[in-house]
Amino acid sequence: MMVAGAIAMCTVVAQAQTVRLVTSQGDIVLQLDPAKAPRTVENFVQYVKAGHYNGTVFHRVIDGFMIQGGGMTPDMKEKPTRAPIQLESQNGLSNQRGTVAMARTRDPHSATAQFFINVKDNAFLDAARSPDGYGYAVFGKVTQGMDVVDRIRKVRTTQIGMYADVPAEPVTIKQAVIEKQP
């Protein structure tokens, strides 16, 4: 009986989770892949459950590349985060259009809360092709709302202080919620 319970528990953990980002431009639904990126998904889900993403903005928008959010308030103040996580970029997932990956600094193991959605195929961000040999960890994909992502990638951007590519009108993540699984 103990073995059956452990198998059932592993099945639950490996099931894809779905997160809805309710934004000022519309909803984006992300299907997370805990089987391929368990630490990254766990980290992202913890931030969702804590309400961290609520009220943050997409603070870096580059048409033809990606939209990045999850760490800044509308006044471009960085929200406090937990400790960084280990990079899971060699998980077989590629930075293709519509995938979601963790943002990081030059330190490959520096990802905390910020994430980005690829608006085109960006294979040069994959570990195998990345100039630094580490790449960026994909941990899910957009399953609904690519039209919203495309609207966001087209917004007018400006520079605010030291930050470039900032939407001139804030694009807010009003709420991030875990959707119930069927």
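**Exercise 1. The closed space**

How much space lies in the largest cavity? Work out as well which residues line it.

*Solution.* Keep in mind that you're working with a predicted model.

Step 1: Start with the count. With a cut-off of 30 Å³ or more, there is one cavity.

Step 2: Now the volume. The largest cavity holds about 30 Å³ of space.

Step 3: Look at the walls. Thr40, Ile85, Gln86, Leu87, Glu88, Met102, Ala111 and Ala137 form the lining of the largest cavity.

Step 4: Sort that lining by class. You should get five nonpolar residues, two polar ones and one charged one.

In case you wonder how such spaces are found: a probe the size of a water molecule is rolled over the atoms, and that shows where empty space is left.

**Exercise 2. The open space**

Find the volume of the largest pocket, then say which strand gives the largest share of its lining.

*Solution.*

Step 1: The volume of the largest pocket is about 480 Å³.

Step 2: Its lining has 20 residues, and the ones nearest the pocket centre are Arg60, Gln68, Ala103, Arg104 and Gln114.

Step 3: Check the strands. At least two lining residues come from each of strand E3 (56–62), E4 and strand E9 (163–167). E4 gives the largest share, with three residues.

Step 4: Sort by class again. The pocket lining splits into eleven nonpolar, six polar and three charged residues.

**Exercise 3. The whole chain**

Describe the fold pattern of the protein chain and decide how compact the chain is for its length.

*Solution.*

Step 1: Count the elements: three helices and ten strands.

Step 2: Put them in order along the sequence, and you read α-β-β-α-β-β-β-β-β-α-β-β-β.

Step 3: Turn to the radius of gyration. The protein chain has a value of 16 Å, close to the 16 Å that the globule rule gives for 182 residues, so the chain is as compact as a globular protein of that length.

Step 4: Add the spans. Along its principal axes, the C-alpha trace covers about 60 × 35 × 30 Å.

Step 5: Go inside. Of the 182 residues, 45% count as buried. Take the contacts with a separation of 6 or more, and 68% of them join residues 24 or more positions apart.

**Exercise 4. Strand partners**

Trace how strand E2 (residues 26–32) pairs with strand E1 (residues 18–23) and with strand E7 (residues 138–144).

*Solution.*

Step 1: Take E1 and E2. Six bridges hold this pair, and the sense is antiparallel. One of the bridges links Thr23 with Gly26 in E2.

Step 2: Look at the link. Two residues lie between E1 and E2, and the pair forms a hairpin.

Step 3: Move on to E7. E2 and E7 are antiparallel too, joined by four bridges. Here Val29 has Gln144 in E7 as its bridge partner.

**Exercise 5. Buried or exposed?**

Say whether Met72 is buried or exposed, do the same for Asn122, and list what each one touches.

*Solution.*

Step 1: Place Met72. You'll find it in strand E4 (residues 66–72).

Step 2: Use the cut-off: buried means under 20% relative accessible area. Met72 has 2% relative accessibility, so Met72 is buried.

Step 3: List its contacts. Beyond neighbours within four places in sequence, Met72 contacts Thr56, Val57, His59, Lys77, Glu78 and Tyr163. Val57 sits 15 residues from Met72 in sequence, with 6.0 Å between their C-alpha atoms.

Step 4: Repeat for Asn122, which is in the loop between strand E6 (115–118) and E7. Its relative accessibility is 0%, so Asn122 counts as buried. Leaving out residues up to four places away, Asn122 touches Phe65 and Asn95.

**Exercise 6. Two positive phi angles**

Give the phi values of Met76 and Asp165, and say where each residue lies.

*Solution.*

Step 1: Recall the background. Most residues other than glycine have a negative phi.

Step 2: Check Met76. Its phi is positive, about 65°, and Met76 is not a glycine. Met76 belongs to the loop between E4 and strand E5 (99–102). With a relative accessible area of 8%, Met76 is buried.

Step 3: Check Asp165. This residue, also other than glycine, has a positive phi near 60°. Asp165 is in strand E9, and at 28% relative accessibility Asp165 is partly exposed.

Note on methods: Residues are numbered from 1 along each chain as its sequence is written. This is a predicted model: local features need pLDDT of at least 70, side-chain atom pairs count only at pLDDT 80 or more; totals for chains, interfaces and linings use all residues. Side-chain values use heavy atoms; hydrogens and water are left out. On a 1 Å grid over the protein atoms alone, a cavity is a set of points where a 1.4 Å probe fits but cannot get out, and a pocket is an open set with protein on both sides within 12 Å along at least five of seven lines; lining residues have an atom within 4 Å of a point. Grid points are joined across faces, edges and corners, and a volume is the space filled by probe spheres set on the points. Ala, Val, Leu, Ile, Met, Phe, Trp, Tyr, Cys and Pro count as nonpolar, Asp, Glu, Lys and Arg as charged, and the others, Gly among them, as polar. Buried means under 20% relative accessible area, exposed over 50%, partly exposed in between (1.4 Å probe, protein chains only). Contact means heavy atoms within 4.5 Å. Two strands pair if DSSP finds at least two bridges between them. The radius of gyration is taken over C-alpha atoms; the globule rule is 2.2 Å times the number of residues to the power 0.38.
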